[in-house]
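Visitor: I would be grateful for a close look at a single part of this model, taken strand by strand. Please also describe what surrounds that part.

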Amino acid sequence: MQLQLGDIVTMKKPHPCGSRDFELTRLGVDYKLKCCGCGREFMIPRIKAEKSIKSVRTPDK
């Protein structure tokens with residue numbers, strides 16, 4: 001899976017705020033995701049994140 005910083009990923013399960021979209025802010029062994037709904041940031045292991053990602057879209061720059 002090819003991911004880049006700033007990509008918006010849609011996850012299978014929603015965040016408690018109801019949003020399914022997250023922005024990638026850090027890549028590596030762990031991914032740092034920022035919720036597009038409430039702005040909360042959290043880290044998740046790469047393997048778990050890749051299983052949970054439903055779709056990826058690159059924002060227009």
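Guide: In the hairpin of E3 and E4, five residues lie between the strands, and Gly39 takes a positive phi near 90 degrees. The model is a predicted one, and the account that follows centres on strand E3 and its partners.

Strand E3 covers residues 30-35, and its side chains alternate between two faces. Tyr31, Leu33 and Cys35 point to one face and are buried; Asp30, Lys32 and Lys34 point to the other face and are not buried. This agrees with a general rule: in a regular strand, side chains alternate between the two faces of the sheet.

E3 has E4 as a pairing partner: the two strands run antiparallel and are joined by five bridges. Within this pairing, Tyr31 stands opposite Ile44 of E4. Tyr31 belongs to the buried set of E3.

E3 is also paired with strand E2, residues 21-26, again in an antiparallel arrangement, here with four bridges. Glu23 has Lys34 of E3 as its bridge partner, and Lys34 is among the E3 residues that are not buried. The hairpin of E2 and E3 has three residues between the strands, and there Gly28 takes a positive phi near 155 degrees.

Cys35, on the buried face of E3, leads to the question of disulfides. With a cut-off of 2.5 Å between cysteine sulfur atoms, the count comes to zero disulfides. For Cys17, the nearest cysteine sulfur is that of Cys35, 3.5 Å away, and Cys17 is in no disulfide. Cys17 counts as partly exposed because its relative accessible area is 41%. Cys36 is likewise in no disulfide, and its nearest cysteine sulfur, that of Cys35, is 6.6 Å away. Cys36 is classed as partly exposed because its relative accessibility is 43%.

Returning to E4, one further feature deserves attention. The largest pocket holds about 200 Å³ of space. Strand E4 (41-45) and helix H1 (46-52) are the elements that give two or more residues to its lining. Its lining consists of Met11, Lys12, Lys13, Pro14, His15, Pro16, Phe22, Phe42, Ile44, Lys48 and Ser52. By class, that lining has six nonpolar, two polar and three charged residues. Ile44 therefore links the two parts of this account, since it lines the largest pocket and stands opposite Tyr31 of E3.

How values were computed
Residues are numbered from 1 along each chain as its sequence is written. This is a predicted model: local features need pLDDT of at least 70, side-chain atom pairs count only at pLDDT 80 or more; totals for chains, interfaces and linings use all residues. Side-chain values use heavy atoms; hydrogens and water are left out. On a 1 Å grid over the protein atoms alone, a cavity is a set of points where a 1.4 Å probe fits but cannot get out, and a pocket is an open set with protein on both sides within 12 Å along at least five of seven lines; lining residues have an atom within 4 Å of a point. Grid points are joined across faces, edges and corners, and a volume is the space filled by probe spheres set on the points. Ala, Val, Leu, Ile, Met, Phe, Trp, Tyr, Cys and Pro count as nonpolar, Asp, Glu, Lys and Arg as charged, and the others, Gly among them, as polar. Buried means under 20% relative accessible area, exposed over 50%, partly exposed in between (1.4 Å probe, protein chains only). Two strands pair if DSSP finds at least two bridges between them.
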